[in-house]
Amino acid sequence: MASRKLLLLAGDGIGPEAMAEVKKLIAMMNAEMAAGFETEEGLVGGCAYDAHGKAISEEDMAKAMAADAVLFGAVGGPKWDGVPYEVRPEAGLLRLRKDMELFANLRPAICYPALASSSSLKPEVVEGLDILIVRELTGGVYFGEPKEIIDLGNGQKRGIDTQVYDTFEIERIAGVAFELARTRQNKVCSMEKRNVMKSGVLWNEVVTQTHKAKYPDVELSHMLADAGGMQLVRWPKQFDVIVTDNLFGDMLSDVAAMLTGSLGMLPSASLGAPDPKTGSRKALYEPVHGSAPDIAGQGIANPIAMIASFAMCLRYSFNMVAEADRLEKAIADVLDSGLRTGDIMSPGATQVNTQQMGDAIVEKFRALA
Ligand code: NAI
Ligand code: MG
């Protein structure tokens, strides 16, 4: 069987604690399911800076470029607040995203039934929610030029950011959204602000053309991004896949994520372009949360975001769809059984630590096989 090369970059704070629970799953899948994962480990973030003065070494970058997928924990913490800007912990993640050309950021918002009553929205609005936000990650207003603050000389300054999108950038992110929709409920909603932005007019045009040319079987709708924000909070279950630009995606994915519970529950994937020869994509999987310095080292972090990121890795990098489904079911079942880490604790539930939550999920995953 083909080998499956994984690079594990656990990072700082709770990153290694959460990654340890994924390593249990990898070991179990290799031993009991002949999954054939070959893992390497590297340093990223503050721990890499401490070891060799850079947020990621060239050697570890080369490993990332050669891997089938990268699993990333979290980086940063107060210890490194004073380090120079170019080598700050986040620089490691930005370098990975840039060199691997990870232009598509996938952020699911899934509401596990056991947590529906702890949402800030009514349980019936969120229960069973399963939507996917596809955010363009390497273009738009965060990167467009000019980007500067100029002195107008009259006591005033002007801050300038520029929203820029080219046809190929919109085409490729729309392609990812349509392809993912085909594996789900076959529905895409594209969000922009074509009423006030030229880039929004182009976005709408290119998504429409891409749909017509290559994905006419998928149901496509368009929504202005501000209205989309309202609809996400009013009735999120109307959506399946949402595709949007870098800026709107940043905000809308945070809104969607919070419909469903704690930061400790939220996975993400970032995908690159398919290799023209093999069709395989570079990919990095990471929890949405950071290094949580306030609870690091105590063994109480919720490992579910990291484990759910691994489930996305099984699904999108290795086409192990049945295993991904089973792992997500194991997470849901363990929550149903009443186990909770501190961040998602509710009255009547049983509080467990990081390892106990990880062990329970491994056990359930095995039992569902
Ligand atoms: P954070 O996500 O690390 O923590 C925010 C709050 O949520 C904290 O109270 C934390 O204890 C809690 N939390 C987060 N993940 C949890 C988990 N798995 N289980 C239980 N509780 C959890 O964000 P914050 O505090 O803004 O940043 C802390 C550090 O992390 C900073 O240095 C920041 O730069 C870095 N960071 C790194 C990210 C990354 O590596 N991609 C993303 C966000 C922040
Ligand atoms: Mg954000």
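**View 1. Asp99 and its neighbours in this predicted model.** Setting aside residues up to four places away in sequence, Asp99 touches Met61 and Met65. The model shown here and in the views that follow is a predicted one. Asp99 itself belongs to helix H4, which covers residues 90-99. How buried or exposed is Asp99? It counts as partly exposed, because 15 C-beta neighbours lie inside 10 Å, and a residue needs 20 or more to be called buried. Glu59 is also worth finding in this view: Asp99 and Glu59 are separated by 40 residues in sequence and by 13 Å in space, C-alpha to C-alpha.

**View 2. The whole protein, for orientation.** Stepping back for a moment, the protein has 12 helices and 14 strands. Its radius of gyration is 21 Å, close to the 21 Å from the globule rule for 369 residues, so the protein is as compact as a globular protein of that length. The C-alpha trace spans about 60 × 50 × 45 Å along the principal axes. Buried residues account for 47% of the 369 residues. If we take the contacts between residues at least 6 apart in sequence, 73% of them join residues at least 24 apart.

**View 3. Asp226, Asp250 and Asp254, a site annotated in UniProt.** An unreviewed UniProt entry places the feature "binding site" at these three residues, Asp226, Asp250 and Asp254. They are spread over 29 residues of sequence, yet they cluster in space, with a largest C-alpha distance of 14.0 Å. Asp226 sits in helix H8, residues 225-234, while Asp250 sits in helix H9, residues 246-258. Are Asp226 and Asp250 buried or exposed? Asp226 is partly exposed, because 13 other C-beta atoms lie within 10 Å. Asp250 is partly exposed as well, with 18 other C-beta atoms within 10 Å.

**View 4. Helices H8 and H9 side by side.** Here we look at the two helices that carry Asp226 and Asp250. How do the axes of H8 and H9 meet? They come within 10 Å and cross at roughly 10 degrees, which makes H8 roughly parallel to H9, because angles under 35 degrees count as such. On the H8 side, the contact is made by Ala225, Gly228, Gly229, Leu232 and Val233. On the H9 side, Phe248, Leu252, Val255 and Ala256 take part. Sorted by class, this contact has 7 nonpolar and 2 polar residues, and no charged ones.

**View 5. Arg135 and a second UniProt annotation.** An unreviewed UniProt entry also places the feature "binding site" at Arg97, Arg107, Arg135 and Asp226. These residues are spread over 130 residues of sequence and are spread in space too, up to 27.5 Å between C-alpha atoms. Let us zoom in on Arg135, which is found in strand E5, residues 130-136. Arg135 counts as buried, because it has 26 C-beta neighbours inside 10 Å. Which residues does Arg135 touch, not counting those up to four places away in sequence? They are Asn105, Arg107, Thr244, Asn246, Gly249, Asp250 and Ser253. Two of these names appear in the annotations: Arg107 is listed with Arg135, and Asp250 is listed with Asp226 and Asp254.

Definitions and conventions. Residues are numbered from 1 along each chain as its sequence is written. Chains are lettered from A and ligands numbered from 1 in the order in which they are written. This is a predicted model: local features need pLDDT of at least 70, side-chain atom pairs count only at pLDDT 80 or more; totals for chains, interfaces and linings use all residues. Helices (H or I, at least four residues) and strands (E, at least two) are DSSP runs, numbered from the N terminus. The radius of gyration is taken over C-alpha atoms; the globule rule is 2.2 Å times the number of residues to the power 0.38. A residue is buried if 20 or more other C-beta atoms lie within 10 Å of its own, exposed if 12 or fewer, and partly exposed in between; C-beta atoms are placed from the backbone. Two residues are in contact if their C-beta atoms, placed from the backbone, lie within 7 Å. UniProt positions are given in the numbering used here, feature names are shortened, and annotations may be inferred rather than shown by experiment. Axes are lines fitted to C-alpha atoms, for helices over the stretch in contact, and angles run from 0 to 180 degrees between N-to-C directions. Angles under 35 degrees count as roughly parallel, over 145 as roughly antiparallel, 65 to 115 as roughly perpendicular and the rest as oblique. Ala, Val, Leu, Ile, Met, Phe, Trp, Tyr, Cys and Pro count as nonpolar, Asp, Glu, Lys and Arg as charged, and the others, Gly among them, as polar.
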